[in-house]
Amino acid sequence: MAAPFDLNDDSLVVIVGSGAGGGTLGTELALKGIKVVILEAGRRHNMEDFVNNEWESFAQLAWTDMRTTSGSWRVHKNFPNLPAWIVKSVGGSSVHWAGASLRFQEHEFRTRTVYGDIEGANLMDWPITLAELEPWYAKAEDRMGVTRTNGIPGLPGNNNFKVFEAGAKKIGYKEVSTGHMAINSQPRHDRGSCQQIGFCFQGCKSGAKWSTLIAEIPVGEATGNLEVRPECMVLKIEHDATGKVTGVVYVDGEGKTQRQKARIVAVAGNSIESPRLLLNSASNMFPDGLANSSGQVGRNYMRHMTGSVYGIFEKPVHMYRGTTMAGVVRDEAKFDSSRGFVGGYEMETLSLGVPFMAAFLNPGGWGRSFTSAMDGYVNMAGMWLVGEDMPQETNRVTLNTEVKDKNGMPVANVHFDDHPNDVAMRNHAYRQGMAMYDLVGATRTMPTPPYPSTHNLGTNRMSEKARDGVVNKHGQTHDIPNLFVSDGSQFTTGGAENPTLTIVALALRQADFIAGEMSKKTI
Amino acid sequence: MTTLIDKRGPSRRALLAGIGAAGALLVAGPAVMNPREAWGLEVTNLKPETMRTLIIMARDIYPHDRIPDRNYAVAMKPYETGASDPALKALVENGVATLDTLAQAKHGVPYADVGWEEQRVAILQQIEGGPFFEKVRGGLVVGLYNQEEVWPIFGYEGSSADKGGYIDRGFSDISWL
């Protein structure tokens with residue numbers, strides 16, 4: 001039974017956002033007996049409501065509130081008001097993610113030490129190590145039902161994977177598999193197994209894919225300690241004269257402004273909205289925004305080095321049948337600077353339907369070169385390339401005071417320029433991906449530019465010292481002890497891996513910390 | 001979406017009117033027609049000739065020889081409907097007038113009557129990146145490829161959950177590897 005809590009109840013933990021970070025944190029705290037309200041800007045959908053139609057689903061789920069962009073990235077040119085393809089809905093982007101659940105590698109927690117001083121990059125070691133996070137990774141994998149962990153078998157490979165696997169083997173890669181996926185390969189935790197529907201990005205209609213919407217929040221609500229309020233857009237976090245936060249101001253679904261008191265506030269609105277909220281919460285005491293004494297709020301925005309390769313073959317592939325991210329090659333994820341760049345990248349199968357392929361294959365492209373590629377759709381295989389990008393202080397989320405949302409608040413501007421290391425890595429990845437398809441007989445391969453960002457990271461980075469970042473190793477802000485950050489914006493650096501598993505592991509660890517501090521009455 | 005398009009036979013006047021590079025697309029009174037595909041599109045906000053040129057332009061931007069004119073017409077219909085807004089109407093009418101001016105200068109005929117696709121594409125390249133071209137292309141990339149009717153032409157099967165997914169319908173049936 002979902003608990004309704006009072007607006008004046010100042011004993012609550014209030015979490016902004018219900019995705020992989022906020023939804024997991026809220027549920028875990030509720031399971032520990034702590035009273036939680038999650039404020040979610042989006043609506044609440046049931047999995048039956050999800051739509052197997054790309055544009056219709058986009059209209060249902062995507063965060064399309066106004067944002068602006070700047071910088072030399074191509075997204076700014078082709079999708080100037082859509083820097084990120086993420087979700088505004090209960091469950092956040094865990095509704096839309098593909099399910100790839102890879103642990104960071106040991107060296108990816110200490111890139112400044114391992115990669116050295118890379119010009120223009122704001123590299124820094126994380127204040128935690130892989131060893132410290134391992135137990136939380138294990139807990140997250142069990143909770144999410146990640147394949148190839150906890151004795152759970154891998155998913156079967158679909159057609160897109162079979163082409164990918166054949167290419168990987170021909171090029172000599174050793175680490176190719178259907179991956180570590182938070183998609184049930186057999187029934188588990190009251191959820192059924194994957195029906196190979198496809199449309200993983202559009203919300204899983206069978207419930208086989210883990211999301212906070214179906215796998216966490218209902219569990220939290222069943223304790224009576226968790227209330228999720230959809231369609232509640234938080235405008236501002238408030239604080240008292242001592243500098244501790246006291247609650248949040250939000251606009252509810254009926255357009256009414258409300259004030260929810262809190263003992264603790266945790267921000268988990270993804271890496272664009274989270275810094276925006278901290279910056280929009282500026283006050284006389286904190287004129288540069290909350291938790292921003294370092295000046296790092298909004299900076300070091302990372303989006304992963306990404307790109308895609310599509311190959312057209314003589315015969316049909318039907319890549320869209322079955323799981324969208326059906327397999328991974330990990331051979332290039334290692335650190336090997338002989339390739340001409342630091343960091344590594346994953347290669348993961350990906351498919352788009354005809355409507356999104358047309359929009360994203362070569363944005364702005366037209367004419368016979370474009371349409372002959374589209375005509376090859378049924379014979380097409382596809383992969384996504386995702387690797388570690390360099391944090392740069394100038395890549396940042398700022399407030400665009402020229403453009404206001406419907407509540408009168410400045411919208412976020414996302415500025416991004418590729419670092420030369422990102423470009424070198426992308427070119428390497430394109431070459432390898434195209435070679436894989438060439439080796440299995442592709443008649444044409446296409447290097448497709450990055451889509452609007454799905455992995456948004458780093459804008460409230462974790463640091464050992466308060467002057468270097470926004471939060472400490474527990475996601476607690478350096479400046480305000482009862483203010484936390486609980487999403488991917490905590491990431492000090494991005495790693496090569498899809499971030500959700502790490503976000504969930506950090507949220508579980510943070511829940512443990514918050515519960516401990518609350519019982520010690522330190523916050 | 002088919003309700004936007006009236007099925008009607010060709011009139012004699014229509015058949016006499018527009019024989020040129022526009023293929024089977026004719027202007028007949030307040031309508032653009034394709035007798036071969038047996039449809040007609042009533043045009044009220046734009047000039048019918050403008051609508052005909054837009055449909056040809058749409059095919060020139062995203063040429064798929066297996067997609068009939070009617071799907072391009074469906075994709076362009078929102079520009080006719082939206083031309084009740086004077087700003088959009090001006091953008092479209094002026095844009096098409098520019099195409100015709102460029103075509104007349106180079107080939108001595110309006111855009112729609114220029115014979116070869118590559119000749120028309122060369123004209124489009126002169127306005128590529130401009131507001132009219134990008135407005136048409138941006139709407140078209142969704143309006144054309146989001147029509148369920150064209151998906152089978154690309155071998156795309158669309159919605160799958162309602163059919164039980166692909167677990168028993170060929171998710172791993174590839175045999176040529």
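Is N150(A) buried, partly exposed or exposed, and how many other C-beta atoms lie within 10 Å? In this predicted model, N150(A) is partly exposed, because 13 other C-beta atoms are found within 10 Å, where a count of 12 or fewer would have made the residue exposed and 20 or more would have made it buried. The residue belongs to the loop of chain A that runs between α5 (130-144) and α6 (159-171), and its phi is near 50°, a positive value in a residue other than glycine.

A positive phi of about 50° is also assigned to H189(A), which again is not a glycine. This histidine is located in the loop between β4 (176-177) and α7 (212-222) of chain A. H189(A) counts as exposed, because 12 other C-beta atoms lie within 10 Å and the class of exposed residues extends to 12 or fewer.

Elsewhere in chain A, three strands form an open sheet of mixed pairing, in the order β3-β15-β14. The edges of this sheet are provided by β3 (68-70) and β14 of chain A, each of which pairs on one side only. On average, and with direction ignored, neighbouring strands of the sheet are turned by 35° against each other. Within the sheet, β14 (residues 396-404) and β15 (residues 410-415) of chain A are joined in the antiparallel sense over six bridges. The register of this pairing can be followed from individual positions, since R396(A) stands opposite H415(A) in β15(A), while T398(A) stands opposite N413(A) of that strand. In a regular strand, side chains alternate between the two faces of the sheet. Five residues lie between the strands of the β14(A) and β15(A) hairpin, and in this hairpin G408(A) adopts a positive phi near 85°. A helix is also placed against this pair of strands: α8 (residues 270-280) of chain A lies across β14 and β15 of chain A, and runs at about 65° to β14(A).

In chain B, helix α4 (residues 86-107) packs with helix α5 (residues 117-127) at an angle of about 125°, their axes being 10 Å apart. The arrangement of α4(B) and α5(B) is therefore described as oblique, an angle of this kind being neither over 145 degrees, as for roughly antiparallel axes, nor within the 65 to 115 of roughly perpendicular ones. The crossing of α4(B) and α5(B) is right-handed. On the side of α4(B), the contact is made by T98(B), L99(B), L102(B), A103(B) and H107(B), and on the side of α5(B) by Q119(B), I123(B), Q126(B) and I127(B). By class, the residues of this contact comprise five nonpolar and four polar ones, with no charged residue.

The two chains also meet each other, in a contact that takes 37 residues from chain A and 28 residues from chain B. On the side of chain B that touches chain A, at least two residues are supplied by each of α6 (131-143) and α7 (151-154) of chain B. The largest share of that side, three residues, comes from α6(B). In composition, the side of chain B that touches chain A has 17 nonpolar, nine polar and two charged residues.

Technical notes:
Residues numbered from 1 in each chain as written. Chains lettered and ligands numbered in written order. Predicted model: local features only at pLDDT ≥ 70, side-chain atom pairs only at ≥ 80, totals over all residues. Contact = placed C-beta atoms within 7 Å. Helix = DSSP H or I, 4+ residues; strand = E, 2+ residues; numbered from the N terminus. Nonpolar A, V, L, I, M, F, W, Y, C, P; charged D, E, K, R; others polar. Pairing = 2+ DSSP bridges. Axes fitted to C-alpha atoms, helices over the stretch in contact; angles between N-to-C directions. Parallel < 35°, antiparallel > 145°, perpendicular 65-115°, else oblique. Left-handed = near helix turned anticlockwise from the far one by under 90°.
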